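Work through these exercises with the structure open beside you. Try each task before reading its solution.

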Amino acid sequence: MKRRLALLAALLMTVLSLAGCHGSRERTDFETPAEFDTSRRYEITFWAKNDNNNTQKLIYQKAIRDFQALYPNITVKLQAYTDYGAIYNDVITNIATDTTPNVCVTYPDHIATYLTGANVVTPLDGLFDDPKYGFGGSDILFDGPARDEVVPEFLEECAFKGHYYAVPYMRSTEACYVNRTFVEALGYELPEVLTWDFVWEVSEAATKKNPDGKYAVNGQETMIPFIYKSTDNMMIQMLKQLDGGYSDADGSILIFNDTTRDILKTVAAHAGKGGAFSTFKKDGYPANFLNAGQCVFAVDSTAGATWMGAHAPLVDIAQERIVEFETAVLPVPQYDPEHPQMISQGPSICVFNKQDPQEVLASWLFTQYLLTNDVQVAYAETEGYVPVTAKAQNDPAYLDYLSRAGEDNSAHYFAKIDAAKLLMAHTNDTFTTPVFNGSTSLRDAAGQLIESVNTAVKRKKTVDDAFIDQLYKDTTSLYRLDQLSGASAADGPDDLGPLPAGSVALLATLVCVWALLGVYTLRGWLKERAKKR
Amino acid sequence: MKKLFAMMLALVVALSACALAEGVMSYADYVAAEIDDEVTIEAYVQAHQGWWDNNGTGNVTIYAQDEEGGYFLYNAVATQEEADKLLPGTKIRATGYKAEWSGEVELVDATFEIIEGEYIADPVDVTDLLGTDALIEKQNQKVCFKGMTVEPIGDAGAAWLYGWDGSGEEGSDLYFNVSVNGQTYNFTVESYLCGPGTEVYEAVKALNVGDVIDLEGFLYWYEGVNPHITAVTPAA
């Protein structure tokens, strides 16, 4: 189930992103009311995602209770989700029926699709700066952040098409969780910043077997030296580090280039059967291999740090399979370690527009409440997340938490705190990819390129230029990248194929309308002419 | 002489009928195949998860079995119409790649065709195999467990949870612990196989810690045995 959810999270949205939000009702622009009407009662729905982590769900529930105590006229109804794909699917479905939630945890990529419906998502620019109800507003009943206390890099990730459509909720990046014991046993010294060359070299060294067929480094029959959870992130970060094309803000698809080709050939060179590299989709969760001593480098989100390491508080394998080793939490591998670049990710929160602006204002108040220190610090401490406000990051309680890394293997589990520190130290080195309607499909395609090569090599297929040419075409077709606005996919503009059925129907309708108008005009002209006679 | 000839002829005909089509593996051949090898098997559908549109390609996950062993076809390619024809007992010929994901041996990227034949497997009682190395030999088969005691799960000591730690809600997989012979095992009601409203989903939600129950399901593997339970009844 977890595996299919992971697939759904990535794939469900691909088809839907292209379906847009047709059928949604038109809404008027939101205008901030002058006063929040506290004489009325409001019920707002909050669709929240947790990382299959009940503590996070409990934090949402507590936040709702605390907020309702401050605003007794607002009732917040929580709907818990454990993957973004399901939220996205449900939002798209509910846009058509005008039953979107009021507040929703989401990704900016998804909001770009929601925005294909008119006035579906509330632009927050006006609310941010409202003197009474905006950030730090005079009539806010809680100690929320001022606008300049929201980490600017994180806030900018929520701006597109000239407006802010969300606020950041939590931020994470990817980390490479390393079995330092194995690295040193193989005769290497772990650098502070990994390079791709180092990771490939050590990984190849770890594939050496003893005469009994077991791997020399771990004495086991299984070893995947380098395993990557999110291959979309892998491709995106490699391209960014190499300044290779991916996409631009206009939605042009630039990924099918020679830099990508070189990356794929590198992956192929290390992914053979019994090879140095594999992926979550192909073999399983990186944490499970790491903790069983069957992996040297495991790349996963910093928000998955509580699963990583010999003494991780969360485990998915039997205790007797866990081996003792030293874990290091490092940035993802780099091509230029002097100028590291890593992806910024994590949930954001959007507010859906409603007919009643007071209801939207109530939703905004709750959204802001989720940025208070109490919520931010509590939630960030559940995983290797970082609070999105400087106010929370500098909260004495949070600073105390950070200072106690390794005191225990639960609340202060070192890998979780190291992961958070990693992002805080590298906030200026993070980036995001352009957001547009269809950017989710492109992200999925980026990962699929690596997955396809990994699988092909293990099935003893040859990955050469001809293979990659065909892969580019197949990927373009599968993810409909040639149908995105501004697309410049593998086949280029000279092979656009037949028009989609919807376009044909639209054009036929236009022709009919023009024909009817012509008939009507001609008929009128003939009548006039007859009268003149 | 005529009698002998007739017997030999009958034997040849019988053997021919039993033989597998060209290129089709026996279960033993399938077990012997290496991970990532292309494989073709013939087996009988015992159940399947809900069909879904996986980025424009229809997929259905199938629990299949023959007289020798079980197969798990993960996300086999199928239209919804084809998936609807996969009634229990339906015989299929499937070609795909042998794979292993977190210990679960499966066919992936599989296509299949429905062929003549019908067989519904009786569940194999594996209660005594729990905790033994022999259990994995029954992987993916329809199995049953007898006289299992419901044990508490989660911090609050519940009888079952939505999701592995209670982070889900109605519609999520159900997780619960059962014990026998002093060992506790984690079982799952996979919601894509038996979702809300099905007899087993509701039966598990009605369990209490300490209940003694019999269970049926498929011997799925996730980093160890993790059966997908399809039926729960009070212990006989």
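Domain bounds come from an automatic or database domain assignment. This is a predicted model: local features need pLDDT of at least 70, side-chain atom pairs count only at pLDDT 80 or more, and totals for chains, interfaces and linings use all residues. Residues are numbered from 1 along each chain as its sequence is written, while chains are lettered from A and ligands numbered from 1 in the order in which they are written.

**Exercise 1. Find the domains of chain B and describe where they touch.**

Step 1. Chain B is divided into domain 1 (22-118) and domain 2 (124-234).

Step 2. The C-alpha centres of domain 1 of chain B and domain 2 of chain B are 24 Å apart.

Step 3. Count contacts (C-beta atoms, placed from the backbone, within 7 Å). Here 14 residues of domain 1 of chain B meet 15 residues of domain 2 of chain B.

Step 4. Assign the domain 1 side to elements. Helices (H or I, at least four residues) and strands (E, at least two) are DSSP runs, numbered from the N terminus. In chain B, E1, strand E3 (57-65), strand E4 (70-77) and strand E6 (104-118) each give two or more residues to the side of domain 1 that touches domain 2. E4(B) has the largest share of that side, three residues.

Step 5. Sort by class. Ala, Val, Leu, Ile, Met, Phe, Trp, Tyr, Cys and Pro count as nonpolar, Asp, Glu, Lys and Arg as charged, and the others, Gly among them, as polar. The side of domain 1 of chain B that touches domain 2 of chain B has five nonpolar, eight polar and one charged residues.

**Exercise 2. Describe the contact between the chains.**

Step 1. On chain B, 21 residues are in contact with 24 residues of chain A.

Step 2. Strand E2 (52-54) and strand E5 (90-101) of chain B each supply at least two residues of the side that touches chain A.

Step 3. That side of chain B holds four nonpolar, 10 polar and seven charged residues.

**Exercise 3. Locate the largest nonpolar core.**

Step 1. Set the burial cut-offs. A residue is buried with 20 or more other C-beta atoms within 10 Å of its own, exposed with 12 or fewer, and partly exposed in between; C-beta atoms are placed from the backbone. By this count, 51% of the 533 residues of chain A are buried.

Step 2. Join buried Ala, Val, Leu, Ile, Met, Phe, Trp, Tyr and Cys residues through C-beta atoms within 7 Å to get a nonpolar core. The largest has 148 residues, of which A:Tyr165, A:Ala298 and A:Phe366 touch the most other members.

Step 3. Place this core. It lies between domain 1 (37-168 + 346-429) and domain 2 (174-343 + 433-483) of chain A, because both give residues to it.

Step 4. Look for another core apart from it. One has 52 residues, among them B:Leu86, B:Leu107, B:Phe145 and B:Val178.

**Exercise 4. Examine two residues with positive phi.**

Step 1. Recall the background. Most residues other than glycine have a negative phi.

Step 2. Take A:Lys460, with phi near 65°. A:Lys460 sits in the loop between helix H18 (439-458) and helix H19 (465-478) of chain A. A:Lys460 counts as exposed because it has 11 C-beta neighbours inside 10 Å.

Step 3. Take B:Asp36, with phi near 85°. Its loop runs between helix H2 (27-32) and strand E1 (38-48) of chain B. B:Asp36 has 18 C-beta neighbours inside 10 Å, so it counts as partly exposed.

Terms used:
Contact = placed C-beta atoms within 7 Å.
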